[in-house]
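Colleague: Please take me slowly through one part of this model, the way its helices pack on one another, and then relate that to the sheet.

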Amino acid sequence: MDQAASIPGYELAHPPRSGIVDLGSNSVRLVIFEGRGRNPLAIFNEKAVLGLGRGLQTTGRLNEEAVPQALTVLERYHAVARAMGADPLEVLATAAVRDAENGPAFAAALATRMPGVPIRILDGEEEAAFSADGVLLGFPEADGILGDLGGGSLELVELTQGRAAASASLPIGAIRLADRAGGDVGRARGIAEGEMAKLPWLAHGKERDLYLVGGAWRALAKIHIAQTAYPLSIVHHYVLRRDEARDLCGVVMAATRRTLERLPGAPSKRLQDLPFAAAVLRRLLRATGARRVVFSANGLREGWYARQLSPETRREDPLLAAGREMAARYGRDTALPAALSAWTAPLFAGETRAQGALRQAACWLSDIGSHDHPDYRAEQSFLRVLRQPGIGLDHHERAFLALAVALRYEPELDSPWLASARVLLDGTALRRAEVLGAALRLAYTLSGGTPDLLASTTLAAEEGRLVLRLIEGGGVFAGDSVQRRVEALAATLGLQAVVEIAAG
């Protein structure tokens with residue numbers, strides 16, 4: 001027995017877990033999610049690049065060398081998932097298995113290795129629908145064209161303000177396209193263009209966004225992140241302008257394998273596929289007329305996860321849900337954030353809806369360092385927010401929230417770890433983060449992190465003054481630390497600090 005189980009009060013129970021095996025043409029991956037929250041939390045993620053669909057275009061069969069490896073890997077995945085208590089557990093097989101002559105035999109063999117586990121062989125329309133659900137989980141208002149590039153196929157979906165419309169599956173995944181083109185990138189461009197010409201609705205993407213899903217395209221994003229020394233190494237929500245994406249594709253398409261090997265960020269197991277992934281993206285940019293590309297780490301697997309959630313949970317704002325989830329995990333009092341949001345509101349008159357949501361999220365996140373070492377609370381909270389797994393946060397939002405929460409702990413303002421957030425924010429956002437961080441610092445000094453004490457204070461910006469009012473006998477007094485922090489906040493706002501005592 002685990003020794004921890006014998007400790008009085010120790011609780012071994014964990015939130016419900018679910019597991020999905022994504023059986024693709026190039027790789028097979030097991031992801032185990034914990035909980036049923038709005039933002040999927042993957043606690044296990046393992047991939048094996050097997051090339052199951054390599055040669056399929058020529059032979060019509062799954063790669064015979066890869067089949068035994070795949071069965072062995074999937075048997076391990078079954079054991080891992082069961083040991084971790086994943087329920088439900090399901091296998092989703094895509095282009096290679098559905099198109100191969102020996103696909104049904106492979107699925108039957110797999111069923112003996114994974115008894116009791118549903119094995120679904122998706123058609124192209126189903127695969128596209130899962131991908132769309134995954135992208136919309138992270139981009140609820142997505143508007144443009146979704147492209148999910150696998151090894152065997154390219155799934156395309158038109159997204160209109162968060163709703164999926166037309167969809168199609170084209171046989172130009174990176175591996176299949178290379179096979180069809182005989183390894184010639186020039187021929188691959190023509191093949192991809194011809195396939196896309198069958199879908200006139202792709203032109204609806206003009207001046208809209210192109211949402212990219214799939215390992216090969218994520219690899220392109222990682223290369224660009226490394227080349228440009230971008231301050232946040234997170235692919236999800238990474239954005240390139242149309243011309244930047246075209247230039248990147250051009251470099252990768254023209255590169256020799258040796259050149260690709262030397263590119264920072266280039267994954268060794270995808271090198272031979274990268275030029276063909278770049279060729280598909282270049283042609284997709286032309287077919288859609290998209291103004292920019294937005295990379296998504298969400299796809300088929302997250303789409304499967306989304307279908308495990310209740311409709312109410314799926315409708316939640318992912319930004320606010322991420323804040324609430326982190327507050328529940330790391331904070332001290334989940335009743336405080338709403339009080340903080342109301343308390344800080346007078347400082348931000350005229351804020352937009354998006355700005356208000358960010359401020360509210362910052363209030364939820366503002367106490368997540370409460371259990372950390374005092375000397376590292378600012379830095380630890382900053383990094384925890386900046387790198388959180390929340391899928392609904394773009395890079396600007398991550399930087400804003402991380403900076404505001406760090407400033408609540410009064411770090412040294414020239415701390416080098418703050419630089420990454422400052423690079424990602426414009427002047428207006430920087431000032432808002434500074435004001436909010438100073439306001440939160442004052443709020444925690446007054447309240448000790450409790451809503452009851454905060455309720456005996458109010459804050460107002462009026463007639464060139466920042467007025468802090470304290471209710472007499474409410475447990476809060478204007479000591480040196482309070483005076484210093486209200487003056488610091490007033491200075492940030494360009495106001496005069498005033499502290500008033502009101503009768504209880």
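Modeller: Helices H15 and H16 are oblique to each other, since angles under 35 degrees count as roughly parallel, over 145 as roughly antiparallel, 65 to 115 as roughly perpendicular, and the rest as oblique. This is a predicted model, in which local features need pLDDT of at least 70 and side-chain atom pairs count only at pLDDT 80 or more, whereas totals for chains, interfaces and linings use all residues. Residues are numbered from 1 along each chain as its sequence is written, and side-chain values use heavy atoms, with hydrogens and water left out.

The axes of H15 (residues 336-344) and H16 (residues 353-365) cross at roughly 135° and come within 8 Å of each other (axes are lines fitted to C-alpha atoms, for helices over the stretch in contact, with angles from 0 to 180 degrees between N-to-C directions; helices, H or I of at least four residues, and strands, E of at least two, are DSSP runs numbered from the N terminus). On the H15 side the contact (heavy atoms within 4.5 Å) is made by Pro337, Leu340, Ser341 and Thr344, and these meet Arg359, Gln360, Cys363 and Trp364 of H16.

H16 also packs against the buried residues of helix H17, as do helices H14 (318-330), H18 (395-407) and H19 (419-424). In H17 (residues 377-386) the buried residues, meaning those under 20% relative accessible area with a 1.4 Å probe and protein chains only, are Ala378, Ser381, Phe382, Arg384, Val385 and Leu386.

Turning to the sheet, 5 strands with mixed pairing form an open arrangement in the order E3-E2-E1-E4-E5, where two strands pair if DSSP finds at least two bridges between them. Strand E3 (42-49) and strand E5 (119-121) each have a single partner strand and stand at the edges, so one side of each is left without a neighbour in the sheet. Neighbouring strands are turned by 15° against each other on average, with direction ignored.

Strand E2 (residues 27-34) runs antiparallel to E3 and is joined to it by 7 bridges, with Val31 finding its bridge partner in Asn45 of E3. Helix H4 (residues 103-113) packs on this sheet, touching strands E1 (17-23), E4 (86-93) and E5, and its direction makes about 165° with that of E5.

E4 is mostly covered, with 6 of its 8 residues buried. E4 runs parallel to E1, to which 6 bridges join it, and Leu89 in E4 has Gly19 opposite. E4 also pairs with E5 in the parallel sense, over 3 bridges, and here Val91 stands opposite Ile119 in E5.

Definitions and conventions:
Buried means under 20% relative accessible area, exposed over 50%, partly exposed in between (1.4 Å probe, protein chains only).
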